[in-house]
Amino acid sequence: PPPAGASGALNPFDRRLKRKQKNWAALQAEPAKCDYLREEVGGRIADRVFDIARTFPLALDVGSGRGYIAQHLTKETVEKLVQVDIAENALKNAVESEIPTVRVVADEEFLPFKEDTFDLVVSSLRYVLIIYLFCSKAVSCVCASQIHQVLKPDGAFIGAMFGGDTLYELRCSLQLAELEREGGFSPHVSPFTAVADLGHLLARAGFNTLTVDTDEIQVNYPGLFEVMEDLQGKYTLCMGESNCSWNRKPLLHRETMLAAAAIYQEMYGNSDGSVPATFQIYYMIGWKYHESQAKPAQRGSATVSFGDLAKIEGLLKRGKK
């Protein structure tokens, strides 16, 4: 793992703090009451697995947590599953699945598996694509490269992660409040990936036949303080996904919080007095190259022009006659 002092532009996250956050969150009372967002996204990932008409003998769930994807899968689709998470407490409290499962405590950035091991890799709402930044440009993606390495040729990677517009209401309210009360602001929510970067990062890691789509889930809360409690782990909606950036601010002043709550309500409040929190989700599918995979036709080999598409209805009518 990276040294304890690794920080700055090349590594935006404190991995040891992330492990502590997730271990603490996994021990909170009644975690199932807080997991509806992860369970919903886990189900949507499982749907994408079912869309692939094949059986996967061995699959890997990276950052599995309590098994949000596994509980939606069937043994007819996945014969054996390996769950990996950096937090041992999350794996101890994992939900039982009908699939034979092996649980491994390991950092998602350093997968302890041999090359060409798994037929399928899935991941839901973890920092699966940890982007290392240099001069504000994405230059590498350690986790995606690790996933590509452990996949067998013609193996599939299906993942989901929070998008760049996640919690924009909260972030904007906090920034405006800090600017007003303290004369500046610092990040209180971990940075997210832009959708424009995903295709480039997956391709750079070696994946092909890429698919990326986006979705939004909106959750309504009584106010800003309830949103913060969820995110910080008291009710753990995001189960341990508190900010672990190196440049995070250790605390928020009371006056700043009150100002942010008022701004949140004024700018984004619903008619019933609640406030929305938006979670943008990016879903991605990538395949490891194999010579049996379909290849794109050569440039210029098309026999029909897009300009002829307007004539299709006329041609079909003529064919029926």
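The following dialogue examines how several descriptions of this predicted model are justified.

Colleague: What makes strand β4 count as largely enclosed by the rest of the structure?

Modeller: A residue is called buried when its relative accessible area is under 20%. Seven of the seven residues of β4, residues 118-124, are buried, so the strand is largely enclosed by the rest of the structure. In the protein chain, buried residues make up 48% of the 321 residues.

Colleague: How do you know that β4 is paired with strand β1?

Modeller: Two strands pair if at least two bridges are found between them. Strand β1, residues 59-62, is joined to β4 over three bridges, in the parallel sense. The count of three satisfies the requirement of at least two, and therefore the strands are called paired. As an example of a bridge, alanine 59 has leucine 120 in β4 as its partner.

Colleague: Which strand is joined to β4 by six bridges, and in what sense do the two run?

Modeller: That strand is β7, residues 151-162, and the two run parallel. Six bridges also satisfy the requirement of at least two, so this is a pair as well. Here serine 123 has glycine 159 in β7 as its bridge partner.

Colleague: How do you know that the length of helix α5 agrees with its number of residues?

Modeller: The expected span is 1.5 Å times one less than the number of residues. For the 15 residues of α5, residues 168-182, this gives 21 Å, and the end C-alpha atoms are 20 Å apart, which agrees. Just after α5, glycine 183 takes a positive phi of about 80°.

Colleague: Which residues of α5 are buried, and why are they said to lie on the same side of the helix?

Modeller: Glu169, Leu170, Ser173, Leu174, Ala177 and Glu178 are the buried residues of α5. They cover an arc of only 150° around the axis, and therefore they are on the same side of α5. An α-helix has 3.6 residues a turn, so residues three or four places apart point the same way.

Colleague: What can be said of the buried residues of helix α6?

Modeller: In α6, residues 195-205, the buried residues are Leu198, Leu201, Leu202 and Ala205. Their arc around the axis is only 95°, which puts them on the same side of α6.

Colleague: Which residues of α6 are called exposed, and where do they lie?

Modeller: Exposed means a relative accessible area over 50%. The exposed residues Ala196 and Arg204 are carried on the face of α6 turned away from its buried side. Glycine 206 follows α6, with a positive phi near 115°.

Terms used: Residues numbered from 1 in each chain as written. Predicted model: local features only at pLDDT ≥ 70, side-chain atom pairs only at ≥ 80, totals over all residues. Heavy atoms only, no water. Buried < 20%, exposed > 50% of the residue type's maximum accessible area, 1.4 Å probe, protein only. Helix = DSSP H or I, 4+ residues; strand = E, 2+ residues; numbered from the N terminus. Arc of directions from axis to C-beta.
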